[in-house]
Amino acid sequence: MMQFRLAGTGGQGQILAAIILAEAAVASDQLYAAQSQSYGPESRGGASRAEVVISESPIDYPKVDKPDFLLCMSQQGFDKYQDDVAEDGTILVDTSLVTVPETHRHSRVVGCKITETARKNLGRQVVANIIALGLLVRLTEVVSPEAAKKAIANRVPSGTESLNLQAFDLGFELDPSLDCFGLDRSF
Amino acid sequence: MNLNKTGTHLFQGNEAVVEAAILSGCRFFAGYPITPSTEIAELMAVELPKVGGRFIQMEDEIGSMGAVIGASLTGTKAMTATSGPGFSLKQENIGYASFTETPVVVVNVQRVGPSTGMPTAPSQGDVMQARWGTHGDHPVVAIAPGSVAEAYTATIRAFSISEFLRVPVILLLDEVIGHMREGVSVEDVQAVEHLERKRPKGSKSDFRPYRDDGSGVPPMANFGDGYRFHVTGLFHDERGYPDLSPEWARTLMKRLMGKLDAHRDVHEWVEETETDDAEILIVSYGSPAQAATSALRQARAEGLRVGQFRVVTVWPFPEDALAKYKGQVRAVLVPEMNLGQLRLEVERVMGDAAPVLGLHRADGELFKPAEILEKIREVD
C-alpha cells in the first residue's frame with residue numbers, strides 16, 4: 001500500500017491531480033484506490049489537501065495516515081506535513097513556491113521549480129499540478145505513465161488535453177539540470 | 001453515463017448517488033445546493049434532462065421537499081439532497097410524506113452541526129434527527145452506506161424501499177463518503193434488485209387510496225390517471241378525507257407503524273464480520289466503519305476476538321439481529337462522529353448483557369484505526 005498527500009493552495013488543482021492518480025490506478029492498472037480531500041469553505045486560496053491511497057488489495061481505511069509521498073506546492077503544506085512522512089518516504093517540493101532549509105536537502109527531498117517550469121516552458125502556470133504528477137509517477141512508479149495519460153485525457157477540461165499531456169511528459173522527463181535538486185538520486 | 005460501460009470506474013460518493021438514482025428510474029430532482037451535497041444537485045441538473053427527467057432548483061429546502069412530494073404523487077420517482085441546515089428545513093414536509101405515504105428519497109450528506117457548523121467537515125450528528133426530526137409518531141427509514149460502492153447499492157435500495165413500502169427514505173451519507181472517490185464495479189451495481197410501487201387494479205370508482213390490501217401498504221395511483229384521491233396531512237380515512245375520530249386514528253396508526261415491522265426483510269440491512277467467535281463487538285455505521293474494519297484486522301492479528309456488526313439501515317434499528325449477541329459478547333464498542341446517538345439504541349438492546357462503550361468525536365475529524373484499536377486493547 002502507498003499513501004500520497006498533495007498539499008497546496010486552493011485553485012492549484014491538487015484535487016484534480018489526485019483524482020487522475022486514483023483513476024489511473026483503478027481504471028487501467030487494476031489496483032484499488034481511495035481518494036479524498038480536505039479544504040476550507042472557499043474555492044480559491046486557503047489550504048488545500050488531497051490524498052490518495054493505492055493498494056494491490058482492498059482498502060479498509062481510505063485516509064492517509066503516514067504519507068509515503070508528499071507533494072508540497074505551498075510553504076504551509078511543507079511546514080505542516082513534512083514530519084508526517086514515512087521514514088523511507090519522499091517529499092517533492094515546488095521550489096518556485098516553497099523554501100526548503102539546506103538541512104533537508106540531504107534527506108529524501110526532491111526540489112524542482114514546477115510552477116516556474118509550467119510558466120516558462122508551456123506558458124501556462126495552471127498545468128503545474130500535472131507536471132508535478134509526471135514527477136510523482138516517475139519517482140514512485142505507482143502507476144504506469146500510460147495509465148496516467150489515459151486518466152489525464154479523461155479528466156482534464158475538454159480542449160486542454162494536449163496541453164496537459166505535454167505537461168505530464170515534461171514532468172516525467174524533467175531534466176535534473178533544470179533548477180532541481182535531489183532528482184538524480186535513486187529512490 | 002458511466003454505468004453504461006463495463007468494468008471498474010472511479011466514482012465520488014455523491015456521484016454514485018446520482019448514477020444509482022437514475023439507474024433506479026428517478027426522473028425528478030428538486031433541491032437547493034448546500035455543501036457537502038452540492039455535487040448531487042449539479043450532476044442531477046446535467047444528467048436528468050438526458051433521460052427525459054426534470055431538475056428544478058427551488059427557492060429553498062422547504063419548497064424542494066414539497067416539489068418532490070408533488071412529483072412523486074404523479075407517479076414519478078423523486079429525490080432531493082441536502083445537508084444539516086437544509087435537512088432541518090425539510091422536516092415538516094418529511095412528516096407530510098410519511099403520513100401521506102408518498103415515496104421520496106431524501107439525501108442528507110452530513111456535515112458538522114449544530115447550525116452552520118463546519119460546512120466542509122464530516123459528522124454523523126443527524127442520526128436522531130433522521131428518526132425524530134419531524135413531529136409525531138411516524139414511520140421512516142434511514143440508510144447509512146459505509147463506502148462509495150455501498151452508496152450505489154444503498155441508493156438503489158433506498159428507492160426500492162421507498163417505492164415498495166410508500167415511506168420516505170433518508171439516505172444518510174457523511175462528508176467522507178460523499179466526497180471520497182473509490183473504484184466501483186459496474187457489474188456489482190447492476191446486480192442489485194429493484195422493487196417498484198404497487199399500482200391499483202380494477203374499478204376506478206371503487207378505488208380507496210388508503211385501504212389496506214392485507215400487506216399494510218395500499219396500492220398507489222398516479223395523480224391524473226383517473227383513480228381519484230385526496231391527500232391531506234390531517235388524519236384521513238380510506239378515501240383520503242379527514243377523519244379525526246380516536247377509533248380511526250388508532251386503526252390508521254397501527255397500519256402505518258406496522259408496515260415496516262411486517263416488511264423487515266425489505267429494509268433490514270446489517271453486515272457482520274468475524275462475529276462468530278467475537279467477544280468484543282464493534283457496532284458501526286457510515287465512514288467510521290472503515291477505520292473500525294482496519295482496527296478489527298489489526299486486533300485479530302494480535303489474537304483478540306473482535307467482530308463487527310455494521311448497521312447499514314440504521315432506522316428501523318435492527319434490534320433482533322443485534323440482540324443475538326447478548327450473552328456472547330462481553331463488551332460493545334460504538335464509534336460515532338457525534339457525541340452519542342446510535343449508542344443509545346445499542347444500550348437499549350444490550351441492556352445489562354454487556355457494557356456499551358462509545359467512542360465519540362464531533363470535531364470534524366474522522367476516526368483513525370489506531371484510536372479504535374487502542375479502545376479494543378483497553379477493553380480486552
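**Chain A, contacts and overall form**

I looked first at contacts in chain A between residues at least 6 apart in sequence, and 58% of them join residues at least 24 apart. I note here that the model is predicted; every value below is computed from it.

I then looked up the secondary structure of chain A and found six helices and six strands. Along the sequence they follow the pattern β-α-β-β-β-α-β-β-α-α-α-α. The radius of gyration of chain A is 15 Å, close to the 16 Å that the globule rule gives for 187 residues, so chain A is as compact as a globular protein of that length. Along the principal axes, the C-alpha atoms of chain A fill a box of roughly 40 × 40 × 40 Å.

I checked burial next. Of the 187 residues in chain A, 53% are buried. The chain exposes about 8200 Å², and carbon and sulfur atoms supply 47% of that area.

**Aromatic pairs**

I looked up ring pairs over all chains and got a count of nine aromatic pairs. One of them joins F4(A) and F69(A); the pair is tilted, with 6.0 Å centre to centre and 45 degrees between the planes. F4(A) lies in strand 1 (residues 2–9) of chain A and F69(A) in strand 4 (residues 69–72) of chain A, so the pair ties together parts that are 65 residues apart in sequence. I asked myself whether F4(A) is buried or exposed. F4(A) has a relative accessible area of 0% and is therefore buried, the cut-off being under 20%. F69(A) is at 1% relative accessibility and also counts as buried.

I went on to a pair in chain B. F309(B) and Y325(B) are edge-to-face, at 5.9 Å centre to centre with 75 degrees between the planes. F309(B) sits in strand 12 (residues 306–311) of chain B, and Y325(B) in the loop between helix 12 (319–323) and strand 14 (331–336) of chain B, so this pair ties together parts that are 16 residues apart in sequence. F309(B) counts as buried at 0% relative accessibility. Y325(B) is buried too, with a relative accessible area of 5%.

I also noted a cluster in chain B, where ring pairs link F207(B), F223(B), Y227(B) and F229(B).

**Charges over rings**

I looked for charged ends over aromatic faces. In chain A, R5(A) lies over the face of Y81(A), at 4.7 Å from the ring centre. In chain B, the charged end of R131(B) sits over the ring of W132(B), 3.9 Å from its centre.

**Chain B, helix 1 to strand 3**

How many residues of helix 1 (residues 13–23) of chain B are buried? I found 10 of the 11, so the helix is largely enclosed by the rest of the structure. Among the buried residues are N14(B), E15(B) and E19(B), along with V17(B), V18(B) and I22(B). G25(B) follows helix 1 of chain B, and its phi is positive, near 100 degrees.

I then turned to strand 2 (residues 28–31) of chain B. In a regular strand the side chains alternate between the two faces of the sheet. I therefore checked each side: F28(B) and A30(B) are buried on one, F29(B) and G31(B) on the other, so both faces of strand 2 of chain B are covered.

Last, I looked up the partner of this strand. Strand 2 of chain B pairs with strand 3 (residues 54–57) of chain B in the parallel sense, over four bridges. F29(B) has F55(B) in strand 3 of chain B as its bridge partner.

Conventions:
Residues are numbered from 1 along each chain as its sequence is written. Chains are lettered from A and ligands numbered from 1 in the order in which they are written. This is a predicted model: local features need pLDDT of at least 70, side-chain atom pairs count only at pLDDT 80 or more; totals for chains, interfaces and linings use all residues. Side-chain values use heavy atoms; hydrogens and water are left out. Rings of Phe, Tyr and Trp (its six-membered ring) pair if their centres lie within 6.5 Å; planes under 30 degrees apart count as stacked, over 60 as edge-to-face and the rest as tilted. Helices (H or I, at least four residues) and strands (E, at least two) are DSSP runs, numbered from the N terminus. Buried means under 20% relative accessible area, exposed over 50%, partly exposed in between (1.4 Å probe, protein chains only). A charge sits over a ring if NZ of Lys or CZ of Arg is within 6 Å of the ring centre and within 35 degrees of the ring normal. The radius of gyration is taken over C-alpha atoms; the globule rule is 2.2 Å times the number of residues to the power 0.38. Contact means heavy atoms within 4.5 Å. Accessible areas come from the Shrake-Rupley method with a 1.4 Å probe; for residues, only the protein chains shown count as cover. Two strands pair if DSSP finds at least two bridges between them.
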